[in-house]
Amino acid sequence: MTSPDDKPGVTIRCQDSASVGVTFCDRFSFDADSVHYAVELRGPGLTARANDVVARIWDSGLAPFPEELAADYRGWDGERSWQTNDRDLAVSAVFRSGGHVGLTWTLRPWPQVAGGWGASVTTWLEAGEQTASLAADIRHFPAGEQQ
């Protein structure tokens, strides 16, 4: 799931359609309290990018969300969700029979600005190993560590 080049990044590809994916990349930091990064969504006829998603050190971040999903690999009812403090990146998860997790990734940069935009893609992963691998990759991404 890591980026194919030597820059730290995480790419999630849908197991049902390789043309659908999400990439976390281009991380940078202005200070010791936060890490900024870009998120790209891809799908047939869609390319969307938010250049300044922020992870703050006092925030638990995205990593615990897929870790919890991986721990519940046998499934759950309903939808689970997570979003950044700025609400510019959100992800929701549903479980489908056969042991698969659908992650719907939504970008809404500048959510308070009139005329803003939003885009979403859904990636399907195996509930156990693929979701656990995603969690590990996302946990290491803000620090610039390659798995």
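In this predicted model, β3 (34-43), β4 (46-56) and α2 each contribute at least two residues to the lining of the largest pocket. The greatest share comes from β4, which supplies 3 residues. The lining comprises 18 residues in total. Nearest the centre of the pocket lie Ala55, Ser60, Gly61, Leu62 and Pro142. The volume of this pocket is about 290 Å³.

Arg56 also belongs to strand β4. The C-alpha atoms of Arg56 and Pro142 are 9.8 Å apart, although 86 residues separate the two in sequence. Beyond its neighbours within four places in sequence, Arg56 contacts Asp33, Ser34, Asn85 and Asp86. Arg56 has a relative accessibility of 25% and is therefore partly exposed, since the buried class ends at 20% and the exposed class begins over 50%.

Strand β4 is part of an open sheet of 4 strands, ordered β1-β2-β3-β4 and paired in the antiparallel sense. Its edges are formed by β1 (10-13) and β4, each of which pairs on one side only. Neighbouring strands in this sheet are turned by 20 degrees against each other on average, direction ignored. Strands β1 and β2 run antiparallel and are joined by 4 bridges. Within this pairing, Val10 has Phe24 of β2 as its bridge partner.

Strand β2 (residues 21-28) also holds Asp26. The phi of Asp26 is positive, near 55 degrees, and the residue is not a glycine. Most residues other than glycine have a negative phi. With 35% relative accessibility, Asp26 is classed as partly exposed.

A further open sheet contains 4 strands in the order β5-β6-β7-β8, again with antiparallel pairing. Strands β5 (79-83) and β8 (119-126) are at the edges; each has a single partner strand, so one side of each lacks a neighbour in the sheet. From one strand to the next, the twist averages 20 degrees. Strands of a sheet pair through backbone hydrogen bonds.

Strands β5 and β6 are paired antiparallel over 5 bridges. Gln83 faces Ala90 of β6 across this pairing. The hairpin of β5 and β6 has 5 residues between its strands. Arg87 is located in this loop. Its phi is positive, about 65 degrees, although Arg87 is not a glycine. Arg87 counts as partly exposed because its relative accessibility is 48%.

The next pairing joins β6 (residues 89-96) to β7 (residues 100-107). These strands run antiparallel and share 8 bridges. One opposing pair consists of Phe95 and Val101, the latter in β7. Helix α2 (residues 129-140) packs on the sheet and touches β7 and β8. The direction of α2 makes about 125 degrees with that of β8.

Helix α1 (residues 64-71) lies across β5, β6 and β7. This helix runs at about 160 degrees to β5. Its buried residues are Pro64, Phe65, Pro66, Leu69 and Ala70. The elements covering these buried residues include β5, β6, β7 and α2. Helix α2 thus has several roles in this description: α2 touches β7 and β8, helps cover α1 and supplies at least two residues of the pocket lining.

The largest nonpolar core consists of 33 residues. Those with the most contacts inside this core are Phe24, Val39, Leu41, Leu89, Leu103 and Trp105. Phe24 is also the β2 partner of Val10 in the bridge described above. For Leu89, neighbours within four places in sequence were left aside. The remaining contacts of Leu89 are Phe24, Tyr37, Val39, Val53, Trp82, Gln83, Thr84, Trp105, Thr106 and Leu107. Among them, Phe24, Val39 and Trp105 are also listed with the most contacts in the core. Gln83, another contact of Leu89, is the residue opposite Ala90 in the pairing of β5 with β6.

Key
Residues numbered from 1 in each chain as written. Predicted model: local features only at pLDDT ≥ 70, side-chain atom pairs only at ≥ 80, totals over all residues. Heavy atoms only, no water. Pairing = 2+ DSSP bridges. Axes fitted to C-alpha atoms, helices over the stretch in contact; angles between N-to-C directions. Contact = heavy atoms within 4.5 Å. Core = buried A, V, L, I, M, F, W, Y, C linked by side-chain atoms within 4.5 Å. Buried < 20%, exposed > 50% of the residue type's maximum accessible area, 1.4 Å probe, protein only. 1 Å grid on protein atoms, 1.4 Å probe; cavity = no way out; pocket = protein on both sides within 12 Å on 5 of 7 lines; lining within 4 Å. Points joined across faces, edges and corners; volume = space filled by probe spheres on them.
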